[in-house]
Amino acid sequence: MESTARSRLVTIGASASLRDAAILLSNTQIGLVVVCCCDGAMLGVVTKTDVIRQFSQDGGGAGTATVGDVMTRDVVFCRSTDCLPDLL
């Protein structure tokens with residue numbers, strides 16, 4: 001199961017354009033892209049909703065926004081080895 005999840009994982013750098021993120025999100029069957037730094041550590045996530053919100057609020061300025069400008073930074077996550085009762 002973990003290998004399947006990893007194979008579907010889509011990542012992008014924080015300095016990438018919001019347009020690049022929109023392209024990734026439109027070409028996949030997922031709703032979010034994991035934002036990583038150069039060493040692969042997760043910095044946050046950007047969702048389809050984040051992209052739409054930025055374009056609707058900022059209009060023409062959204063073309064200059066980066067993924068790092070709009071990503072969610074405080075991501076709650078768990079590992080496959082975590083027990084459900086420990087997470088709740």
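**Exercise 1. Which residues are exposed on the other side of α2, away from its buried ones?**

Ground rules first. This is a predicted model, where local features need pLDDT of at least 70, side-chain atom pairs count only at pLDDT 80 or more, and totals for chains, interfaces and linings use all residues. Residues are numbered from 1 along each chain as its sequence is written, and side-chain values use heavy atoms, with hydrogens and water left out.

*Solution.*
- Step 1. Fix the terms. Buried means under 20% relative accessible area, exposed over 50%, partly exposed in between (1.4 Å probe, protein chains only). Helices (H or I, at least four residues) and strands (E, at least two) are DSSP runs, numbered from the N terminus.
- Step 2. Find the buried residues of α2: Leu18, Ala21 and Leu25.
- Step 3. Check their direction. They cover an arc of only 55 degrees around the axis, so they lie on the same side of α2. The arc is taken from the directions from the helix axis to the C-beta atoms.
- Step 4. Turn to the other side of α2: Arg19 and Ser26 are exposed there.

**Exercise 2. Identify what the buried residues of α2 pack against, and what α2 gives to the largest nonpolar core.**

*Solution.*
- Step 1. List the partners. The buried residues of α2 pack against β1, β2, β3, α3 and α4 (contact: heavy atoms within 4.5 Å).
- Step 2. Define the core: buried Ala, Val, Leu, Ile, Met, Phe, Trp, Tyr and Cys residues joined through side-chain atoms within 4.5 Å.
- Step 3. Take the largest core, with 15 residues. Ile12, Leu18, Val33, Val35, Val46 and Val67 touch the most other members.
- Step 4. Assign the suppliers. At least two residues each come from α2 (18–26), β2 (32–36) and α4 (67–70). The most come from α2, which gives three.

**Exercise 3. Describe the sheet.**

*Solution.*
- Step 1. Read the order. Three strands form an open sheet, β1-β2-β3, with mixed pairing. Two strands pair if DSSP finds at least two bridges between them.
- Step 2. Find the edges. β1 (11–13) and β3 (42–47) each have a single partner strand, so one side of each lacks a neighbour in the sheet.
- Step 3. Inspect one pair. β1 and β2 run parallel over three bridges. Thr11 stands opposite Val34 in β2.

**Exercise 4. Locate the salt bridge.**

*Solution.*
- Step 1. Apply the rule: a side-chain nitrogen of Lys or Arg within 4 Å of a carboxyl oxygen of Asp or Glu. The count is one.
- Step 2. Name the pair: Asp50 and Arg53, 3.4 Å from N to O.
- Step 3. Place both. They sit three residues apart in helix α3 (residues 48–58), so about one helical turn separates them.
- Step 4. Compare accessibility. Asp50 is buried at 9%, while Arg53 is partly exposed at 40%.
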